[in-house]
Every structure is written in C-alpha cells, then in structure tokens.
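Q: Please take a close look at the salt bridges of this structure. Which residues take part in them, and where do these residues lie?

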Amino acid sequence: MPRRKYRVYTIAAVVLLFMLYHVVQNSWGETSSPLASTRAPPRTAVNPNLDTTSPQEPQQQQAGSRSPVQVDLQKHHDEAEKPLAGADPVRHDSKKEQSSSQRPKAAPTDTPTPKSSAKVAAAEPVIETKEAAADPATTKAPTSTKAKPAAAPSSSDTRIHWKSFPQHFPVPTESMAALPTGKPKAIPKIQHDFKAESAADKAEREKRLAKVKASISKSWNSYRKNAWMHDELRPISGKFKDPFCGWAATLVDSLDTLWIAGLKDEFDDAVKNGVANIDFTFSEKSDIPVFETTIRYLGGLLAAFDVSGGHKGDYPILLDKAVELAEVLYGVFDTPNRMPVLYYRWQPQYVSQPHKAGSVGIAELATLSMEFTRLAQLTKENKYYDAVDRITDALVRFQAEDQAAIPGLFPENLDASGCDATAAHMRNRLNRQSHKGDDVECVDKGLRPGSSYSQSFSMGGSQDSAYEYFPKEYLLLGGLESKYQKLHEDTVNAVDEWLMYRPMINDTDWDIYFPAKITTQGNIKRDIAVEYEATHLTCFIGGMYGLGAKIFDRPNDLETAKRLTDGCVWAYEKIPSGLMPEASTLLHCPSLEKCKFDENKWYDALDSNGAWRDEKAAEWDLQYGTKAQSGKDGDSSIPERPQSHKEYAEAHAATSKLPAGFTNVKFPSYILRPEAIESVWYMYRITGDSTWMDKGWKMFQATMAATDTDLANSAISDVMSEKPPMDDAMESFWIAETLKYYYMLYAGPDVISLDEWVLNTEAHPFRRPT
C-alpha cells in the first residue's frame, strides 16, 4: 500500500512539473528582449514605426496563393551550425546531402556550385502557384502612393517571429573595431578619360541601350504582375518560387537597376508597395542563407538607398529596412570567436541559445564585408563594421600562419569553429582539478583548412567573391585600410604563379587566359592535380584584375585582365548557341606563351583509350580487311569494324559539338549569369576601347535569342544546342546584375562611374567616400 501511494505521488509530481514547464516556456515565448544597447541611429532617423524587437505581420496574400511546400534545392551541410556543448540542441530539418558546407543556387541540378556566384543559395523549400499576390491587372501603382509600414502582428497571429536577445559572446565597447576615419587616400583614377563621341556612335549606342532597357522593363513588369512579393518569377509558366526566405528577392535585387535605367515610377512603386511590406522577422524557411541574403537583400537595399539620394533622398525606408534585416543577421556573429554562422536558424528558441560556426566556404565567409561596412558608414554604427573586420583579421592570420598550401590563396572549405578541442579539454580538466568549475571553454585556434587531407583552390564557385571583395573593400574604405591591398596583391601573385593557363586553341587571333582549379594534399610541388576548367563563374576575374591594376598601379595586371575577359568572350562565340556553358574543360598550352594547336593532343584528351582502340582496329584490318575489300556485301561473318582512336575522337567531337580545344562540357546550362558581361563592362570603362561594346552586343543578342520568353527570359539547360531547351527559371540576378551590366555598357561612362561607386558581387553600387 505505501508503495502504491508513492507511485501516485510521483506521477502527480511529474505532471505538475510538466505543466509548470509549459507555462514558463509560453511566457518566455511571448516576451521580447530589447535590441542591444550598442545600436546607434543613423544621421537620418530610422523609421520610428519600425520596432525590430516586435513581431510584424507580413502583407496579406490572396486566398489560395500558397500551395503545399515542396523541396526544390539541396539542403546545406548539417555541420554549418553547431550549438555549443551544454546548449540544448534545436532540431533542424535540413538533410545532409553533400560533404561540403556550400549550397547551390537555384539552378538545374546538374550545375556546379555557384558563386557563392555560389553566387551559393540556400537549400530551401520552393512555394509555387499560378496566381500572383499582386493585382494581375496592374503592373505599377501611382507614384503618390504613401509607404506602408510593416503591420504589427494581430492578436490572432500564432506564427513565431524573430526576437532580439542579449548576445552570449558580446564584444566590449572598448574592443570594438571602429570604421577608419580621416580623409580618403588619393586613389588613382580608374575610368578611362572618355572623349566626346561622334553622332553616329551615339546613335548606335543609344539604339542598343533602348533594347536593353526594354528587356529590363519586360522582365520587371512580368515579375510585378505574376510574382509580386515572391523571390523569383517562372518566366514561362508565369508561376513563382521562393528559394530565398520569401522576402521578394527579385524585387529588392532589382531596385537599383530600376533607378539606374530611369524607371523611377517602377522604383517608387516597388519601394512603397513592396519593400515597406517585407517583414524580415518572419520566414516560412527554417534558416537564413546568410551569404545570399547579405549580397542580394542587404546589398540591394543599401544600394537603392545610395542611388536614390541617400540621406538627402526621398526613401529613408530603404535604410530602415536594411537596419531591420541587419539586426536579424547580426546574431550570426554571436559565437565564441565571432566567426559567423552562415545558415542561421532565426527562430527565438535557437537565437536564444549559444552557438558557433562550423565548416564554411571561403566565399560565403569573406563576402560580407562590403555590405556591413556600407551599413556602418550610413548608420554610424561601428558594430556592423567590427563584425566583418574580425573576419578579415582572421583571414590575415590564416595567411600569416601559413595554413594554405598555396600562400596568398584560401582553400575552398575552412573550419571556422575556432575551437582547439584538445587544448580545451586539457584546460577544462585543470579547471575541474583546481575547483574552478567545468564550463566548456574553447582555445582559439583561428581559421583552419576544412580538410586535413586535401585543399582545393580556384577562382570559381565557393571561392570567387572572397577575392573580388579585397580590392573593392579597399575602395569602400577610401584606401584607409592597407590589409586589403596586401590580400589582393597576394591573391593575384598566387593566381599568376599557380592557376593561370593559356588554352590550346586553333584561333590564332585570340590572346586568352583562364584560371585552373588545383587540388593538393599539402605538398603543392609533388602532389598537384590540375583541372583546366573554364567556368562561367570565374569570368568575374577579368574585372577584378582590371580594377586592382588601376587602384594599385599594376599595369601588367591590366593586360592579364584583357586576356581573361577575352577568354570568356571567346567561349561565348565558340559555342553553338552563342552562350558560354556553366562549366567545361579545355586543352592547355605547356606555358603561358602561345602554342600551336596540336590535333593529336586534342584527340588524346577526348579519348583516353586511344591505344586500345587502334589495337582493336588493327586486329580487325588484319583479320577481315582483305575479305571486306572483296566487295561481298552482307557477309554476316564479317563483324563491324571498330573505330580507331582518331575516328572515335572525331565522331565524339562532332556528336558533342565540341569546338576545337574543348575537351568536355561538364555542365551545359546557362542560368542567365552576369560574370562575363561584368568583366566586359569593366574593360570598357577602364580602357575606353569601344570594341568591348561590340563584343558585349554579340553576347546580348545571343542571350536574347536563346532565353527570351513571352514574359521575360529563362535559364536554359543546354547551350550546345542551337535552340536550347528552357528551364522556366529566372534568378533575381538577371535584372540585378546581367541586364544592369548590359545597360551600363551602353548608358555612357558617367552612369555609375567607377571613380564614384564600387559595386558588390551582386552589382549593387555603393557610393565611395569623398
């Protein structure tokens, strides 16, 4: 009997504790912490109606506008975010499907990892519907429409919103890195000294410009009508999808393009009826892809604020929204070593816990500096600059400690956890023995290569924009921070020594380079493995070389920049559709000097079984050759003659439509990428050579011919076809980057002058300090 009573009391106690636990949890979930006290307002006050500590209601959608969620992209590496030991782990729905921490952009599944081109995108569920959230009968609103602040959550809103919590690893005010101050250094002029153009040249330029502007209008109006407030338009079906948190990626990404192209009414409508209604404190997605969100959303908002007049302009809500988003993103830096968590679970139950960084791609890690620096400049808030300055210092330390197999470059993947487990274990053990407690403590080891077995280096996806930002951050800081010059020059020197190659082609008129991809197990001189690739994402490098050549007075780099840019132009012209494939491999010369095309070497690259094929063909000739020549057709005793090495290679090249010099087209898609025209634009603005305008126009015409739809433009799956099949996809960078670069190529040199502006990796222009 006493035992039975004991059981009853025990069960009652457990039930009571369970009920108390839920009461506490619910009370905690309804209480919002204030923003960090270190936040300071910009010179132009942030929208007083904005309270990033409170949940906000997103714009109401039409009934039935959302269909069930379906997975469309690959989920990220499940090690990208690691709660610290001792913290309650939060369940994450991501499924580990690849060994690295990167995640591909919205692209055909057979494409390689994009820029960080990725541009890299989050592995997100995709929401599609035929109906649009906007009124399909209109494409723009009257310019007099007033901005609508994000609505406060209704009492019936049961969704979980982001909340601010005190940071677990705050930076003391006295330790916070401050923005460099003082008069900017005298940086050499970047743009060519353009002279007045002839009437005929002006007429031709303006004719081309009008066609590009028409393409911008067509794509934007179709997005406005069919995919309003969603991330991307499907340009064939008229549906939409939301791979980037559903915060209207195309809308935000396109803002500065609309302004630059003179579409001011569309810009006004987009800001007042679009941006004002985005709620960055809520998403249907479980995590935020920090890299993509920073370059597209944060960069897009800041650039739109800059081009529309900044603090003197009429759109302060752009900076308000940038701050709202930045407050959410600032939590990614709340780690023991202040290295960011790059796929950020934004829900309060995760934000409230301590966490640390894990395995990261170098591009994702090092492509945050420009956006957070510009935000710090506009708001006078040092915490944003401090966050990215610590990343740069970690990169500098990585090079100083000789962690890279190729000095000056960074391996594709890094361990950003910053925790030396062995040292931490020993210190914790000593603490316990001396009765100092047993709190988990990590001994800072800095950044380390992500793999102890091998390191990969390239200028392509997952690495590209890290290097792109070194000279650009130097410009954005007015030349007041010298470490970015050293990082850039070390990069270029390493690329010249280890990655640069000249392809072996049968076109004597072309003088071209490409950067290769190298893998090593640590001893670069003994175990180097080289892939002579030509990827669309690497085409940005011509612009990077050219920009650095001018600001750091490296004239030889400008000649290299021309060869690199021409390499991508050549790749466009050689492919049947006139568009460069996502990734291919090429035959290479033994050095950077021009070499004669060797057909036999090309055949050997196309067919690794050449000796075996020739042996089989010779055996057939010996056994059946005489009999076959006797003319007895239909003799079933004579088997079909096997192809020789040369015959097989020729047939393979013809069937695959491989131009001479191409050895393989690994990924034949084109997803409306901008990198090639980006470098063409830089070359024209830097050199003043009008032939770059002609090269760009051929590229534009080929792009329109292959991708144009009734609504906009679509990614295509096979550039090797003269009439490529379409994928019904249009990433936000089509308007944000590709069409913007085409427009600026023909808009005249004063439109976004490189001596006044510096562009982020999503082509968002930030005003340089004066």
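A: In this predicted model, the structure holds 38 salt bridges. One of them joins Asp 694 to Arg 208, with the closest N and O atoms 3.3 Å apart. Asp 694 belongs to helix α20 (residues 691-707) and Arg 208 to helix α2 (residues 199-226), so this pair ties together parts that are 486 residues apart in sequence. The two partners may also be described by their accessibility. Asp 694 counts as partly exposed because its relative accessibility is 38%, a value between the limits of 20% and 50%. Arg 208 has a relative accessibility of 11% and therefore counts as buried. This pair also belongs to a wider arrangement: Glu 204, Arg 208 and Asp 694 are linked in a network of salt bridges.

A further salt bridge is formed by Arg 374 and Asp 306, whose closest N and O atoms are 2.9 Å apart. This pair, too, links distant parts of the chain: Arg 374 is found in helix α9 (residues 369-379) and Asp 306 in helix α5 (residues 290-307), 68 residues apart. Both Arg 374 and Asp 306 are buried.

Another example is the salt bridge in which the side chains of Asp 557 and Arg 554 meet, at 2.4 Å from N to O. Asp 557 and Arg 554 are both buried.

How values were computed. Residues numbered from 1 in each chain as written. Predicted model: local features only at pLDDT ≥ 70, side-chain atom pairs only at ≥ 80, totals over all residues. Heavy atoms only, no water. Salt bridge = Lys/Arg side-chain N within 4 Å of Asp/Glu carboxyl O. Helix = DSSP H or I, 4+ residues; strand = E, 2+ residues; numbered from the N terminus. Buried < 20%, exposed > 50% of the residue type's maximum accessible area, 1.4 Å probe, protein only.
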